[in-house]
Amino acid sequence: MIDFLRRFRKIFRFKMYLAIAIQLSIFCIIQAANLDEDKACGDCCAAGTHGIPGTHGAPGAPGPIGLKGDIGVKGEKGNQGIDGKDGLEGKIGPIGLTGATGEKGERGEKGEQGTLNNQPKSAFSVAFRNNPGRHPISPMKYTTIITNVGSHYNAETGKFVCQHPGTYVFQFASGSSNNGNIVTQIMKNGQRVVSAFESGPGSKSIGNTVVLDLVANDEVWTQPLSTNYNYYNSNTNAFCTFSGFLLYATA
């Protein structure tokens, strides 16, 4: 058995070496053939004519961005440009601080003496020295004329009629009967301007004042509000009065 194995190994090694030798021989033959073909092709190509130039290939893809170059030399200063257009107007700034007080000026010349003779005058004051009782809802016609400068209060109508345009002051006072209610109004051209109110037990007194700008022929008077508020009371003490005067005329 051992002899058999030894013989088998020798035969296997011989066959393996033989196969390797055959492969090397074949490889050498192929290499020699290739060398002959290259030489023959070189001789053939050297003897042939030039071929037709081929077409241009497609442009290649852009290359990567190059490195940043060095800073160039500073150029010379250019000429001055043309003036630009005016800009938009800016916002108003904050108010500045108050300046110092200036020196006192010289005294002016004395003016001419004024006179009151040529100034317009208008004033009146009227009253009830009797008891008006339940006065109707109409202009109150006061029976006693205390003052009537210029005669601008009309006792027949109970109305003051403006003759001198300007600013006037009007005032009234009204007394009520015992347990009676009163509301007195100052009217201007049919419109209520101001009023005063009082109610409850006992005798009472009310009043009000107003300043009005009037033009020529404006009318001002007093009258009760309604029949529920017209319980007036007066006597020789004149609890019910109406007055007005020109404060200053319009230039």
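Here a student and a tutor talk through a predicted model, asking what earns each feature its label.

Student: Let's start with confidence. How do you know which parts of the chain are the most and least certain?

Tutor: From the pLDDT. The mean for the protein chain is 84, and 85% of its residues reach 70 or more. Confidence is lowest in helix H1 (residues 2-47), with a mean of 65, and highest in strand E4 (residues 159-161), at 98. Over residues 40-47 the pLDDT drops below 50, and this stretch has 0 contacts in the model beyond near neighbours in sequence.

Student: What should I make of a stretch where pLDDT is low?

Tutor: Where pLDDT is low, don't read the predicted coordinates in detail.

Student: Next, the rings. Why is the pair Phe170 and Phe242 called stacked?

Tutor: Two tests. Ring centres must lie within 6.5 Å to pair, and planes under 30 degrees apart count as stacked. For Phe170 and Phe242 the centres are 6.3 Å apart and the planes sit at 25 degrees, so the pair is stacked. The count of aromatic pairs comes to 11.

Student: What makes Phe170 and Phe242 a link between distant parts of the chain?

Tutor: Their positions in sequence. Phe170 is in strand E5 (residues 166-175) and Phe242 is in strand E10 (residues 240-249), 72 residues apart. Ring pairs also join both of them into a cluster with Phe124, Phe128, Tyr142, Tyr153, Phe160 and Tyr168.

Student: Are Phe170 and Phe242 buried or exposed?

Tutor: Buried means under 20% relative accessible area. Phe170 comes out at 0%, so it counts as buried. Phe242 is also at 0%, so the verdict is buried there too.

Student: How do you know that a charge sits over the ring of Trp221?

Tutor: The distance part of the test asks for NZ of Lys or CZ of Arg within 6 Å of the ring centre. The charged end of Lys159 is 4.4 Å from the centre of the Trp221 ring and sits over it. Arg134 does something of the kind with Tyr231, lying over its face at 3.8 Å from the ring centre.

Student: What brings Gly133 into the neighbourhood of Tyr231?

Tutor: The fold. Gly133 lies in the loop between E1 and E2. Its C-alpha atom and that of Tyr231 are separated by 5.9 Å, although the two residues are 98 apart along the chain. Leaving out residues up to four places away in sequence, Gly133 touches Asn230, Tyr231 and Tyr232.

Student: And why is Gly133 called partly exposed?

Tutor: The class runs between under 20% (buried) and over 50% (exposed). Gly133 has a relative accessible area of 21%, so partly exposed is the label.

Student: What makes the phi values of Asn179 and Ala238 worth a look?

Tutor: Most residues other than glycine have a negative phi. Asn179 has a positive one, about 65 degrees, and is not a glycine. Ala238 is positive as well, near 55 degrees. Asn179 is in the loop between E5 and strand E6 (182-188), while Ala238 is in the loop between strand E9 (219-224) and E10. Ala238 also counts as buried, because its relative accessibility is 17%.

Student: On to the sheets. Why are E2 and E8 called edge strands?

Tutor: Each pairs on one side only. The order in that open sheet of 5 strands is E2-E1-E10-E5-E8, with antiparallel pairing. Neighbouring strands there are turned by 10 degrees against each other on average, direction ignored.

Student: How do you know that E1 pairs with its neighbours?

Tutor: Pairing takes at least two bridges. Strand E1 (residues 123-128) and E10 have 6, in the antiparallel sense, and E1 and E2 have 5, also antiparallel. Toward E10, Phe124 has Gly244 as its bridge partner and Ser125 stands opposite Ser243. Toward E2, Val126 stands opposite Ile145.

Student: What makes E1 largely enclosed?

Tutor: 5 of its 6 residues are buried, so E1 is largely enclosed by the rest of the structure.

Student: What's the strand order in the sheet that holds E6 and E7?

Tutor: That open sheet of 5 strands runs E3-E4-E9-E6-E7, with antiparallel pairing. Strand E3 (153-154) and strand E7 (191-198) are at the edges, each pairing on one side only. E6 and E7 share 7 bridges, and Met187 has Arg192 as its partner in E7.

Methods:
Residues numbered from 1 in each chain as written. Predicted model: local features only at pLDDT ≥ 70, side-chain atom pairs only at ≥ 80, totals over all residues. Heavy atoms only, no water. Phe/Tyr/Trp six-rings, centres within 6.5 Å; stacked < 30°, edge-to-face > 60°. Helix = DSSP H or I, 4+ residues; strand = E, 2+ residues; numbered from the N terminus. Buried < 20%, exposed > 50% of the residue type's maximum accessible area, 1.4 Å probe, protein only. Lys NZ or Arg CZ within 6 Å of the ring centre and 35° of its normal. pLDDT = per-residue confidence, 0-100. Contact = heavy atoms within 4.5 Å. Axes fitted to C-alpha atoms, helices over the stretch in contact; angles between N-to-C directions.
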